[in-house]
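Hello,

Here is the structure I promised to pass on. Please open it first, then read the notes below.

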Amino acid sequence: MKPVLNFYETGSVSCTLTRSTAMWEAAIDGLSRLPYLFFKMESEFALVESGLSEVWMKNAASDLTHHKGFIRTEASDFQLVEAFLAFKRGWDSFRATDAQRMLSLQVAYVTLNEHPAGSKDQLDYAPGPEEYHAVHKKYHPIYRD
């Protein structure tokens, strides 16, 4: 409170507050979420103000019910279980760490993907001898469509 009073009385203030690197990173991380939170607040306000929130909630409940049925059906499909296990093996063997895997696969399937934005899913597999690409080639066309 004293710096505030000093600023009011003198028109200037100095701050000697120091923060750890972790505290700065946490603050910056929190700030990076502000655009999303603002957009979310605007959307929610617009839904409530327009009266569409009830319609949206009813549609969301209906969609969720439909989606739960889809999940129950698909979860019992042996081929889907087989695909998940194959993708897991391919992921684990692709690179040494999750960060390396994620970056390499983003480059292979997004950055180097010749399909235009909005159609990147048309790439059945990226070139390379890794098991992940073979698994992607086998299962992606099935589950894309």
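There are four aromatic pairs in this predicted model. Start with Phe87 and Tyr132. Their ring centres lie 5.4 Å apart and their planes meet at 65°. That angle is over 60°, so the pair counts as edge-to-face. The pair joins distant parts of the chain. Phe87 is in helix H5 (residues 78–94), and Tyr132 is in helix H7 (residues 131–144). In sequence they are 45 residues apart.

How exposed are these two? Phe87 has a relative accessible area of 22% and is partly exposed. Buried means under 20%, so Phe87 misses that class. Tyr132 is at 14% relative accessibility, so Tyr132 is buried.

Phe87 has a second partner, Tyr139. Here the ring centres are 6.4 Å apart, within the 6.5 Å limit for a pair. The planes are at 45°, which is neither under 30° nor over 60°, so this pair is tilted. Again a residue of H5 meets a residue of H7: Phe87 lies in the former and Tyr139 in the latter. The pair therefore ties together parts 52 residues apart in sequence. Tyr139 is buried, with a relative accessibility of 2%.

Now the wider picture. Ring pairs connect Phe87, Phe94, Tyr109, Tyr132 and Tyr139 into a cluster. Phe94 also has a charged neighbour. Arg95 sits over the face of the Phe94 ring, 4.3 Å from its centre.

Tyr109, another cluster member, takes us to helix H6. This helix spans residues 98–111, 14 residues in total. From first C-alpha to last, H6 reaches 18 Å. That is close to the 20 Å expected at 1.5 Å a residue.

Which residues of H6 are buried? They are Arg101, Leu105, Ala108 and Tyr109. Why do they fall on the same side of H6? They cover an arc of only 80° around the axis, which puts them on one side of the helix. Ala99, Leu103 and Thr111 are exposed, on the other side of H6.

What covers the buried residues of H6? The cover includes H5 and H7. Those are also the helices that hold Phe87 and Tyr132.

When you look through the model, I would begin with the Phe87 pairs, then turn to H6.

Best wishes

Conventions. Residues are numbered from 1 along each chain as its sequence is written. This is a predicted model: local features need pLDDT of at least 70, side-chain atom pairs count only at pLDDT 80 or more; totals for chains, interfaces and linings use all residues. Side-chain values use heavy atoms; hydrogens and water are left out. Rings of Phe, Tyr and Trp (its six-membered ring) pair if their centres lie within 6.5 Å; planes under 30 degrees apart count as stacked, over 60 as edge-to-face and the rest as tilted. Helices (H or I, at least four residues) and strands (E, at least two) are DSSP runs, numbered from the N terminus. Buried means under 20% relative accessible area, exposed over 50%, partly exposed in between (1.4 Å probe, protein chains only). A charge sits over a ring if NZ of Lys or CZ of Arg is within 6 Å of the ring centre and within 35 degrees of the ring normal. The expected span of a helix is 1.5 Å times one less than its number of residues. The arc is that of the directions from the helix axis to the C-beta atoms. Contact means heavy atoms within 4.5 Å.
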